[in-house]
Amino acid sequence: MLRIIKYVLYDILQNRIVIGYTLFLLAVSLGLFNLSGDPTKGVVSLLNVVLIVTPLVSVVFSTIHFYNASEFIELLAAQPIRRSVIVWSEFFGLAAAMKLAVLVGIGIPVAMYAPNATGLTLVIVAAGLSVAFVSIALLASVLTRDKAKGIGVALLLWFYFALLYDALVLFLMFSFADYPLEKAMLAVIALNPIDLARVVVLLQMDISALMGYTGALFREFLGTGWGIGFAVFVLLLWVFVPIGVAVRVFRRKDL
Amino acid sequence: MKQLSIYFLLLSAFNLNAVNHHVGTGQAYETIHSALAIARSGDTIFIQEGIYAESNLSIDKPLSIIGIGYPILDGQHACEIFTVTASDVTIRGFEIRNSGQLSTLDVAGIKVLSADRVVIEGNRLRDCNFGIYLSNCNDCHVLRNDVQGIIKEEQNSGNGIHLWKCSRALVAENHLTGQRDGIYFEFVTDSEVRYNNSEQNLRYGLHFMFSHNDHYHHNWFHHNGAGVAVMYSRQVQMTENEFGYNWGGSAYGLLLKDISDSHIWKNNFEHNSAGVYMEGASRIILEQNQFRENGWALRVQASCDANVIRQNNFFGNSFDVSTNGSLVLNSFDSNYWDRYEGYDLNRDGVGDVPFRPVSLYAVVVERMPYGLMLMRSFMVYLMDKAEKIIPSLTPEQLMDEKPAMKPLACS
């Protein structure tokens, strides 16, 4: 398995897109920190980038990579290798590349300008989000045979998590405004990795004080060690559930 | 002239009789109690450096009691230290420690009851239940005292400087910390509070109740549990104060509740969860204030009317203005808003398009506090943009017709 991961990683690093992505993240992070002057503000601006850009790039890049590697995957499938190993290797290779890009592109500037708990949370969350979306992308590409369709599904998933979901939540809030929704909101948040990531970072930034009762509830839940544990657990679910399903589907797939 | 000479004669006669008493080891008196028993009206008692485990010092005649080198008066957590019931008393230069605490009586470091023209100056109070407590006093001065409490629960803690039913008081240059309220005014009229520093108190830095015609200016209120509260009062002048870092679930920089005809001028509100929270406020002029990086700069409830908000600067607040109704009875005029995106074709420094300071998201959050969960979501940003172009949910009339293009100079 390790050898296959190595091949996947080599392949990814060879086509230079990941390097370009890393440089882009580096430039944006450094630019934001330098422009805003105040490191806290820099982290806030960076949060928006992390929430929009990293999932998008992860999803699109992983899908394209998976389709481009289809011949390689078919070749591997002809060898005496278990199919689950192939998918897991693809996943670990992609995840490692995306994580590396985030750690270098965001981690280094954050370590330089905002080496505190908030900065650390941001980097961890960004890495987690990237991996979760690699996993979601692999599921999408395993499920569809056609490349264009696969990319379309991946993009749609990103659009859903980054934009539509929040609109739906707002709609939900308006429809059920008469009910105490505080606890329901916690569940709703856990159903979207992007929202979860955003709230975890915002709670680190003491914005919770604005939220009054809700903030207190969220802080009590997500701001403490248990809460962080919960958030990490849910993010891990978001990483391993889609890829687990993808492995299962791929095992029976007619290549 | 004749009157003046009579005064002079009286004064000199008074002074001739006045005697200085000295208390301390190796002095005429060993204890303060013994000196107080002997002293007559108009005398001065000097107390030398040292620790005096004396309390319940009842002062019932006009005396000046002056500490030299901050003698320590220790109440040993049992009772009150000074109780003044006579007018024209001066207490200066003591370190007063460890008053008792009772649930039936407000025990204080220095308590003044129904006396006029009392001066309490330059004392240090440590771990007293109430610091300085004035009840039914006129023309009293509380100056340059340093009151430090040890943080306890709110219900067991007292106020730093507590005034009840006083008039023409002057509270200046005190430092108050770790008490329930830094300064507490109830039924206090025609008084002045200036250059005080009130920080890290459990509840409010300054608390006004039913206190009219007062002026507080150049004070610092930082890191208090809930900021500053002015309630049920009228004609209060609040000028050039600093309200900062009052941060928490129900914290405010300045809480205005049922207050009218007041003037809030040239204050600085920085890093508060709500800069100014107004409820039932009428005819208040809020001008030339700075609002920086607050959660909400202004929360104006629909119960407020005829308030004028003009020439203020708003920078980097999460929400500029929020309100819970659609009826607008307050006017916004000539403020600088950092969110303003209009243009100024004739270059007169006034934006040509009105600015609506209440964003859609602020309305949503006001209705559904848990909506804050979506803060900084890209969706919210899009929604706010759309609402800016076609207002539907936000109060349409709530707008600044003449927003300033550049920050207004406030100094």
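Two strands count as paired when DSSP finds at least two bridges between them. With that cut-off in hand, strand 31 of chain B and strand 34 (residues 296-300) of chain B qualify: they run in the parallel sense and share four bridges. The model behind all this is a predicted one.

Strand 31 has a partner in strand 28 as well. Strand 28 (residues 254-257) of chain B pairs with strand 31 of chain B, again in the parallel sense and over four bridges. Zooming in on single residues, Leu255(B) sits opposite Tyr277(B) of strand 31, while Ala274(B) faces Trp296(B) in strand 34 of chain B. Five of the six residues of strand 31 (residues 274-279) are buried, so the rest of the structure largely encloses this strand. As a general point, side chains in a regular strand alternate between the two faces of the sheet.

Stepping back to chain B as a whole, the tally is four helices and 39 strands. Its C-alpha atoms take up a box of roughly 85 × 55 × 30 Å along the principal axes. Of the 411 residues of chain B, 45% come out as buried. Looking at contacts in chain B between residues at least 6 apart in sequence, 46% link residues at least 24 apart.

Chain A is built from helices: eleven of them, with zero strands. Its radius of gyration is 19 Å, close to the 18 Å that the globule rule gives for 255 residues, so chain A is as compact as a globular protein of that length. The C-alpha atoms of chain A fit a box of roughly 60 × 45 × 30 Å along the principal axes. Buried residues make up 45% of the 255 in chain A. For chain A contacts between residues at least 6 apart in sequence, 79% bring together residues at least 24 apart.

Helix 9 of chain A (residues 193-204) deserves a closer look. At 1.5 Å a residue, its twelve residues should span 16 Å, and the end C-alpha atoms lie 17 Å apart, which agrees. Twelve of the twelve residues are buried, so helix 9 is largely enclosed by the rest of the structure. Among them are Leu196(A), Val199(A) and Leu203(A), but also Asp195(A), Arg198(A) and Gln204(A).

Finally, the two chains meet. On the chain B side, 20 residues are in contact with 27 residues of chain A. The chain B residues that touch chain A break down into ten nonpolar, eight polar and two charged.

Key: Residues are numbered from 1 along each chain as its sequence is written. Chains are lettered from A and ligands numbered from 1 in the order in which they are written. This is a predicted model: local features need pLDDT of at least 70, side-chain atom pairs count only at pLDDT 80 or more; totals for chains, interfaces and linings use all residues. Two residues are in contact if their C-beta atoms, placed from the backbone, lie within 7 Å. Ala, Val, Leu, Ile, Met, Phe, Trp, Tyr, Cys and Pro count as nonpolar, Asp, Glu, Lys and Arg as charged, and the others, Gly among them, as polar. Helices (H or I, at least four residues) and strands (E, at least two) are DSSP runs, numbered from the N terminus. A residue is buried if 20 or more other C-beta atoms lie within 10 Å of its own, exposed if 12 or fewer, and partly exposed in between; C-beta atoms are placed from the backbone. The radius of gyration is taken over C-alpha atoms; the globule rule is 2.2 Å times the number of residues to the power 0.38. The expected span of a helix is 1.5 Å times one less than its number of residues.
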